[in-house]
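Here's a relaxed walk through a structure you may not have met before. Have it open beside the text and follow along.

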Amino acid sequence: MRVFVLAGSSREDSVNTRLASLVAAQVERSGAVVDLARIGDFAMPSYDGDAEAADGPPVGAATLRERLLAAQALVIASPEYNASVPGVLKNAVDWVSRFRPQPFKDKQTLLVSASPSMIGGNRGLWALRVPLEHLGARVYPDMFSLASAHTAFGDQGDLHDAGLRERLANTVDSFLALAEADTRYLCLQRRWYEFLGDESSAPVTQRAEG
Ligand code: FNR
């Protein structure tokens with residue numbers, strides 16, 4: 001299984017990039033293949049419908065879409081800006097959502113965050129769920145938010161706190177188990193829609209696709 005791990009910050013010393021690296025290491029330990037990236041690897045202007053009509057999506061959005069399509073699962077490590085999603089990340093989601101088939105649809109997705117605050121960026125993740133779930137991503141119910149992130153990492157990049165290390169590992173492992181089952185057992189895909197009160201041929205399903 002291939003897992004795309006995306007850090008939602010381009011900052012050199014980003015705590016979310018550090019958290020994304022820990023997630024990537026845990027994914028590798030589980031035997032899956034990791035593709036690790038930062039949002040700044042995918043340069044794109046602010047979404048503009050006229051620019052899209054004239055030139056199509058920018059190269060950065062097309063590249064991000066390809067990396068997304070190549071993976072069976074997605075992990076986003078996102079900062080919280082003003083209790084919400086950083087604009088650069090939402091802008092990338094908006095551009096990528098314009099491709100057909102729509103690449104977030106059915107994508108098993110785990111959200112994690114890190115912040116110097118006591119909340120750990122958790123409100124930003126709740127905001128990030130909204131567009132992703134709207135697009136049909138299967139956003140894992142559990143999330144991981146690292147509080148006091150500026151003091152949480154040791155010299156080797158690991159978390160000081162053994163309890164948090166264990167919680168992160170358990171969250172990633174549980175998510176991967178579900179993502180793998182969903183990838184291998186197609187009957188689970190139907191179960192998701194039944195769980196959502198939907199049927200695979202119902203219009204709401206097509207809406208997520210379109
Ligand atoms: C922040 N930061 C922040 N932190 C937080 O916990 N809640 C918030 O609402 C905000 N709001 C916010 C807005 C803006 C515009 C900036 C630049 C920053 C602080 C943020 O969590 C901190 O800068 C992190 O270090 C950003 O993540 P990276 O870049 O280290 O991954």
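What follows starts with the strands, moves on to a pair of helices and ends with a few loop residues.

Keep in mind that this is a predicted model.

**Around β3**

A good place to start is strand β3, which covers residues 73–77. How many of its residues are buried? Five of its five residues are, so the strand counts as mostly covered, with buried meaning under 20% relative accessible area. The side chains split into two groups: Ala73, Val75 and Ala77 point one way from β3, while Leu74 and Ile76 point the other way. Whichever way they point, all of these residues are buried.

Now look at who pairs with β3. Strand β1, residues 2–7, pairs with β3 in the parallel sense, over five bridges. If you'd like one spot to look for, Val5 has Val75 as its bridge partner in β3. Strand β4, residues 108–114, also runs parallel to β3, and five bridges join the two. Here you can look for Ala73, whose bridge partner in β4 is Gln108.

Strand β1 has another pairing to show you. With β2 it pairs in the parallel sense over six bridges, and Val3 has Val34 of β2 as its bridge partner.

**How the chain crosses over**

Between paired strands, the path can run over a helix. β1, α1 and β2 form a right-handed β-α-β unit. Another right-handed β-α-β unit is made by β3, helix α4 (residues 87–96) and β4.

**Two helices that meet**

Helix α4 also packs with helix α3, residues 59–69. How far apart are their axes? They are 9 Å apart, and the helices pack at an angle of about 80 degrees. Angles of 65 to 115 degrees count as roughly perpendicular, so α3 is roughly perpendicular to α4. On the α3 side, the contact is made by Ala61, Leu64, Arg65 and Leu68; on the α4 side, Ala92, Trp95 and Val96 take part. By type, these contact residues divide into six nonpolar, no polar and one charged.

**Out in the loops**

Most residues other than glycine have a negative phi, and most peptide bonds are trans. With that in mind, a few loop residues deserve a look. Asn82 has a positive phi of about 45 degrees although it is not a glycine. Ser148 has a positive phi too, near 45 degrees, and is likewise a residue other than glycine. As for the peptide bonds, Arg100 and Pro101 are joined by a cis one, with omega about -5 degrees. You'll find Pro101 in the loop between α4 and β4.

The table shows where three loop residues sit and how accessible they are.

| Residue | Loop | Relative accessible area |
|---|---|---|
| Ser30 | between α1 (15–29) and β2 (33–38) | 42%, partly exposed |
| Asn82 | between β3 and α4 | 79%, exposed |
| Ser148 | between β6 (144–146) and α6 (162–184) | 22%, partly exposed |

Let's finish with Ser30. Which residues does Ser30 contact, leaving aside its neighbours within four places in sequence? Those contacts are with Asp173 and Leu176. You can also trace the way from Ser30 to Ala162: the two are 132 residues apart in sequence and 19 Å apart in space, C-alpha to C-alpha.

How values were computed
Residues are numbered from 1 along each chain as its sequence is written. This is a predicted model: local features need pLDDT of at least 70, side-chain atom pairs count only at pLDDT 80 or more; totals for chains, interfaces and linings use all residues. Side-chain values use heavy atoms; hydrogens and water are left out. Buried means under 20% relative accessible area, exposed over 50%, partly exposed in between (1.4 Å probe, protein chains only). Helices (H or I, at least four residues) and strands (E, at least two) are DSSP runs, numbered from the N terminus. Two strands pair if DSSP finds at least two bridges between them. A crossover is right-handed if, with the strands pointing away from the viewer, the path from the first strand over the helix to the second runs clockwise. Axes are lines fitted to C-alpha atoms, for helices over the stretch in contact, and angles run from 0 to 180 degrees between N-to-C directions. Angles under 35 degrees count as roughly parallel, over 145 as roughly antiparallel, 65 to 115 as roughly perpendicular and the rest as oblique. Contact means heavy atoms within 4.5 Å. Ala, Val, Leu, Ile, Met, Phe, Trp, Tyr, Cys and Pro count as nonpolar, Asp, Glu, Lys and Arg as charged, and the others, Gly among them, as polar.
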